[in-house]
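The following exercises concern backbone geometry and sheet topology. Each task is followed by a solution in steps.

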Amino acid sequence: MDSAAENASTTRFRDYLRIRSVQPQPDYDEIVRFLFKMADEIGLEKKTLEFSPGRPIVILTWRGRQPELKSIILNSHTDVVPVFEEFWTYPPFAAHKDKNGNIYARGTQDMKSVTIQYLEAIRQLKSEGRQFLRTIHLTMVPDEEIGGHIGMEIFVDQPEFRALNPGITLDEGLANPTDDFSVFYGEKCVWWITVYCRGDPGHGSRFIENTAAAKLNSVISSFLGFREKEKKRLEDNPGLTLGDVTTINLTR
């Protein structure tokens, strides 16, 4: 449902969604052009940093009245996960909007909607003549969906990051259909575990002891037992959320 009466912020959101910043070959050049255009419209300082070729970090800055104070960093990532188009109702980069106003595109929630929320909030505040004591930086980083190893992971160790003088950072969260903005003050850590089981081989006609399979079965049973325990703890306590329990998934 395209309409000339569509809210301008929604149009900009859909324009952003149409950029194919999909792994493994994100169109970061187009991302930079779009974000720089937004910066020019709003009146923000703009620059890019590259610590890995072809992987630009975009920084948009709104100077505060007292820039020596610790700054606020609004962080988001620009890449999105791959798509399997045969399972999509609408083309994943068409930003189709249906008659109910629902928008379909890869990256709508993770996390281009948050980037646009940052930009549109600042656009509105600046249009009202507001200015804050602290400087606000918007950092848009690459390759988060593949670990961020040549994106944010490198960036935080650079003097350019320290020069932002960060005091607090807001990052990825959950899109909300209401006017509420969810803020999470804790984050679970990822712990990837690879288990190697070695044992004695033997002919299939015998009951071989100390086999790798028996050891692996014990390990998997232990993991799954703990998984069920944490799942039940979440289900039995309405005061808990996913962030309060340990989630376990076997991926290979």
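**Exercise 1.** Determine whether D143 is buried or exposed, and describe its backbone and its location.

Solution. Step 1: D143 has a relative accessibility of 0% and therefore counts as buried, where buried means under 20% relative accessible area with a 1.4 Å probe and protein chains only. Step 2: its phi is near 60 degrees, a positive value in a residue other than glycine. Step 3: D143 lies in the loop between β6 (136-141) and α4 (152-155); helices are DSSP runs of H or I with at least four residues, strands are runs of E with at least two, and both are numbered from the N terminus.

The model is a predicted one, in which local features need pLDDT of at least 70, side-chain atom pairs count only at pLDDT 80 or more, and totals for chains, interfaces and linings use all residues. Residues are numbered from 1 along each chain as its sequence is written, and side-chain values use heavy atoms, with hydrogens and water left out.

**Exercise 2.** Carry out the corresponding analysis for A95.

Solution. Step 1: although A95 is not a glycine, its phi is positive, at about 55 degrees. Step 2: the residue belongs to the loop between β3 (71-77) and β4 (96-97). Step 3: the relative accessible area of A95 is 0%, so A95 is buried.

**Exercise 3.** Locate the cis peptide bonds that precede P24 and M111.

Solution. Step 1: the bond from Q23 to P24 is cis, with omega near 10 degrees, and P24 sits in the loop between α1 (8-17) and α2 (28-42). Step 2: the bond from D110 to M111 is cis as well, with omega near -10 degrees; M111 is placed in helix α3 (residues 108-127).

**Exercise 4.** What is the strand order of the open sheet, and which helices pack on it?

Solution. Step 1: the open sheet has 5 strands in the order β1-β2-β6-β3-β7, with mixed pairing; two strands pair if DSSP finds at least two bridges between them. Step 2: β1 (45-49) and β7 (166-170) are the edge strands, each pairing on one side only. Step 3: the twist averages 25 degrees from one strand to the next, with axes fitted to C-alpha atoms (for helices over the stretch in contact) and angles running from 0 to 180 degrees between N-to-C directions. Step 4: β3 and β6 run parallel and are joined by 6 bridges; S76 stands opposite M140 in β6. Step 5: α2 packs on the sheet, touching β1, β2 (57-62) and β6, and its direction makes about 160 degrees with that of β1; contact means heavy atoms within 4.5 Å. Step 6: α3 also packs on the sheet, touching β2, β3, β6 and β7, at about 145 degrees to the direction of β3.

Definitions and conventions:
Buried < 20%, exposed > 50% of the residue type's maximum accessible area, 1.4 Å probe, protein only.
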